[in-house]
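Biologist: Can you put the model up? I'd like to go through a pocket and a helix pair.

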Amino acid sequence: MQSKIAHAAERKAFSIALDQAIKGVRSDHPEEALEKFLDMGGKLLADTAPDMANSLRRAFYPGSKWENMVIGLAKRIDPHILHTAVLNGAYESAFRGLRETTQSAEKYQCNVPWIIIFDPTSACNMHCVGCWAADYSKSLNLTYDEMDSLVTQAAELGCHWFMLTGGEPMVRWRDIVKLAEKHDDCLFSLYTNGTLINQQVCDDCKRTGNILFSVSLEGFEDANDSRRGEGCFDKVMAAFDLMKANGIPFGISTAYTRNNVESVTSDEYLDMVIEKGALWAWYFHYMPVGEGANADLMPTIEQREYMIKRIREIRDYEGGKPIMTMDFQNDGEFVGGCIAGGRVFCHITAKGDVEPCVFIHYSNANIKEKSLIECLQQPIFQAYRAHWPWNDNMLRPCPMLENPEILPQIVHEADAKSTEYVTPEDVDHLCARTTPYAKTWQPVADRIWNEEHPGGKKIYEDDISMMDVDKKAKMLAKKDAELEGQIEDGTEFDDAAIEEVRKAAGVSAK
């Protein structure tokens, strides 16, 4: 793990380089500045996620829609937010965070996530069909001190990116702002219904710089309000207008069901949210979990196959739409399959239960009773680590939805308990609900996967993306030691030390 002095020097160097890049993108020759920034990104990701660096290089060719999109957003996003969000997201989370969480995983022999999802509160002003939190008690909260302790412990392990769900996280807005102000090297992404966003919220965001929003939207007015309540659509549109006017970056979060798949991926829908200012769209396959779960709401097999093609078409290097789309059920190959159980993320409820996933409600540990590292070492997380990957087909990534024989094995092996607030559900009963879908989807998924990946296994362009964690951690520790040797020891870092780090990143001072 890097020393605090070396980390501070490296962060300062990246910050200086980032300022130069933003200034360049806002100049009369933005393409040159963006090219230099991509070169730096490639070098920074070379030891942790070279596949990501390669994808960025293929996407941002001169004149591409992605290049034009980045140039445009750099000119309209609030400057302080743009600098802080990229610094904390790209450097602290994606570069340094990936390195340090990998080394922490090797040190503690458990998965250490570089993203943590937690619920500040179970309270919400809505009761939406298909929401994993819809049946939560409305009186549960993580105190500010508990959230502060969680973020502090996570940062010590290398995690600097936090996604806040609920409930409605903005019910705790004052505490969230206080948290963002104290932990100014972290990024806080809120999944929100958007109805509580006002000018004060925008002002707070411009001051802190490290809070982003993904607003829930289920389609046009009729479809959205049928799930979320009358008048919700208009409130969300007003929030979009306000955030766009204030230079606040935001995106949308959509749960797709059998009833709305085609609508929420239509040109008309995407054109609407892009015109409103949305920069990304996260799509979540409906999961039949929680009270009132209805397997009939799951997309049909034909709709699932449609989603694979459509989402990739939207975000393609050419054509499509200028909005970043990701389907968390169908894009498994870009993150190595299932990312739960602490491999990339985990979920902490407002009750404090530490779960593998927002959709997998079983646990052996509570953050109110144990340290974060103890929670990450709990039996169910270790069982996830031992059994992953479930198969070679990353179009079947989930141990509940597409591999329903796996989750019961993990839960029983760990003797984990249901964390459902209202109606605790036996894991065998839960997975019996998804088994028919899994059996029907498997041959279709295998056909699609084998067409894309002859031989049935994804072949990476590098040796690092799927490298064993312990091996990768040792490699990163050696590289960090070499980099640290370039930084002068002492209580302060000087310009010469910063320049050494800047050279290591491939950026020269002007």
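Modeller: Here it is, and we can take the pocket, then the helices. Keep in mind that this is a predicted model.

Biologist: How much space lies in the second largest pocket?

Modeller: About 360 Å³.

Biologist: Which residues lie nearest its centre?

Modeller: Lys4, His7, Ala155, His160 and Asp185. The full lining of that pocket has 15 residues.

Biologist: Which helices each supply at least two residues of that lining?

Modeller: H1 (4-25), H5 (79-108) and H6 (144-157). The largest share comes from H1, with four residues.

Biologist: And how do the lining residues divide by class?

Modeller: Six are charged, six are polar and three are nonpolar.

Biologist: Switching topic. How do the axes of H1 and H2 cross?

Modeller: At roughly 150°, and the axes come within 7 Å. H2 covers residues 30-45.

Biologist: Why call H1 and H2 roughly antiparallel?

Modeller: Because angles over 145 degrees count as roughly antiparallel, and the H1 and H2 axes cross at roughly 150°.

Biologist: Left-handed or right-handed crossing?

Modeller: The crossing of H1 and H2 is left-handed.

Biologist: Which residues make the contact?

Modeller: From H1, Phe14, Ala17, Leu18, Ala21, Gly24 and Val25. From H2, Pro30, Ala33, Leu34, Phe37, Met40 and Leu44.

Biologist: What about classes in the contact of H1 with H2?

Modeller: That contact has 11 nonpolar residues and one polar, with no charged residues. In the pocket lining, by contrast, six residues are charged.

Definitions and conventions
Residues numbered from 1 in each chain as written. Predicted model: local features only at pLDDT ≥ 70, side-chain atom pairs only at ≥ 80, totals over all residues. Heavy atoms only, no water. 1 Å grid on protein atoms, 1.4 Å probe; cavity = no way out; pocket = protein on both sides within 12 Å on 5 of 7 lines; lining within 4 Å. Points joined across faces, edges and corners; volume = space filled by probe spheres on them. Nonpolar A, V, L, I, M, F, W, Y, C, P; charged D, E, K, R; others polar. Axes fitted to C-alpha atoms, helices over the stretch in contact; angles between N-to-C directions. Left-handed = near helix turned anticlockwise from the far one by under 90°. Contact = heavy atoms within 4.5 Å.
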